[in-house]
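Good morning. I will take a few minutes to walk through one structure, going from the strands to the cores and then to a pocket. Please have the sequence and the 3D view open.

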Amino acid sequence: MPKTIKKKYINFILNGVNYEEEVDDRMLLSDFIRINLGMTGTNIGCEHGICGSCTIHINGRAVRSCLSLAVEIDNCKISTIEGISKKNQNLSIIQKNFKQYFALQCGFCTPGIIMTLSDYLYRNKNASEKQIKDVISGHLCRCTGYSSIIKAAVQSAKEINNNV
């Protein structure tokens, strides 16, 4: 016998805006973000937590949204790639460096990598190149070969360390 889908109201903050939404109790967070909230920068690649394309921030920490249910964000603060820029800036430091170092090709993996780096680099202000390689090792990129991504991330770490 199939399980009955239950609905639940959740309250959360997404990119600085308060929301109250009704969700199916079994809906994946990645689907909820893309379909219900229209934040299409959160990409869905593997739906198994392997590729990292769906990475977002929940309460400031990088999380694979395809491994979470939407009901789990009740009373949480969520950030997607659409909300990663600081106020009064067009691009965040990391986004600016990705552009400058040509660290994107098709752009599919880029939002997830930027979300992971944003969490990591702001918590680890003196991140080394080796640490950066380790932290992005959970992301699959088929286009760049990672060289430009690492250069952009290393430069971002330097700038974040000087600015924060």
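Which residue in β5 is the bridge partner of phenylalanine 12? Cysteine 76 is the partner. Before I go on, please note that this is a predicted model.

Let me start with the strands. Strand β1 covers residues 7-14, and strand β5 covers residues 76-79. The two pair in the parallel sense, over three bridges. Leucine 14 also has a bridge partner in β5, namely isoleucine 78.

β1 also pairs with strand β2, residues 17-24. Here the strands run antiparallel, and eight bridges join them. Phenylalanine 12 appears again: in β2, its bridge partner is tyrosine 19. So that you can find it on screen, look for phenylalanine 12 with tyrosine 19 in β2 and cysteine 76 in β5. As a general point, side chains in a regular strand alternate between the two faces of the sheet.

On β5 there is one more pairing to mention. Strand β3, residues 55-58, pairs with β5 in the antiparallel sense, over two bridges. Histidine 57 stands opposite serine 79 of β5.

Now the turn. β1 and β2 form a hairpin with two residues between them. Asparagine 15 sits in that turn, and its phi is positive, about 50°. Most residues other than glycine have a negative phi. Is asparagine 15 buried or exposed? It is in between: asparagine 15 is partly exposed, with a relative accessible area of 24%.

A second residue has a positive phi without being a glycine: phenylalanine 102, at about 55°. Phenylalanine 102 lies in the loop between α2 and α3. With a relative accessible area of 63%, phenylalanine 102 counts as exposed.

Next, the cores. How many residues are in the largest nonpolar core? There are 23, and those that touch the most other members are Ile94, Phe98, Ile113, Leu117, Leu121, Ile132 and Ile149. Helices α2 (93-100), α3 (110-123), α4 (129-136) and α5 (147-163) each supply at least two residues of this core. Another core, of 17 residues, lies apart from it; Ile10, Phe12, Phe32 and Ile78 are among its members.

Back in the largest core, take isoleucine 132 as an example. Leaving out residues up to four places away in sequence, isoleucine 132 touches Leu117, Leu121, Ala127, Ala153, Val154 and Ala157.

Last, the pocket. The second largest pocket holds about 180 Å³ of space. Its lining consists of Gly45, Cys46, Cys51, Ser53, Cys106, Phe108, Cys109, Leu140, Cys141, Arg142 and Cys143. By class, that lining divides into eight nonpolar residues, two polar and one charged.

One of the lining residues is cysteine 109, which is placed in the loop between α2 and α3. Why does cysteine 109 count as buried? Because its relative accessibility is 8%, and buried means under 20%. Outside its neighbours within four places in sequence, cysteine 109 is in contact with Ser53, Leu140 and Cys141. Those three contacts also appear in the pocket lining.

Glycine 107 is in the loop between α2 and α3 as well. Glycine 107 is partly exposed, with a relative accessible area of 23%.

That is the end of the walk-through. Questions are welcome.

Notes:
Residues are numbered from 1 along each chain as its sequence is written. This is a predicted model: local features need pLDDT of at least 70, side-chain atom pairs count only at pLDDT 80 or more; totals for chains, interfaces and linings use all residues. Side-chain values use heavy atoms; hydrogens and water are left out. On a 1 Å grid over the protein atoms alone, a cavity is a set of points where a 1.4 Å probe fits but cannot get out, and a pocket is an open set with protein on both sides within 12 Å along at least five of seven lines; lining residues have an atom within 4 Å of a point. Grid points are joined across faces, edges and corners, and a volume is the space filled by probe spheres set on the points. Ala, Val, Leu, Ile, Met, Phe, Trp, Tyr, Cys and Pro count as nonpolar, Asp, Glu, Lys and Arg as charged, and the others, Gly among them, as polar. A nonpolar core is a set of buried Ala, Val, Leu, Ile, Met, Phe, Trp, Tyr and Cys residues joined through side-chain atoms within 4.5 Å. Buried means under 20% relative accessible area, exposed over 50%, partly exposed in between (1.4 Å probe, protein chains only). Helices (H or I, at least four residues) and strands (E, at least two) are DSSP runs, numbered from the N terminus. Contact means heavy atoms within 4.5 Å. Two strands pair if DSSP finds at least two bridges between them.
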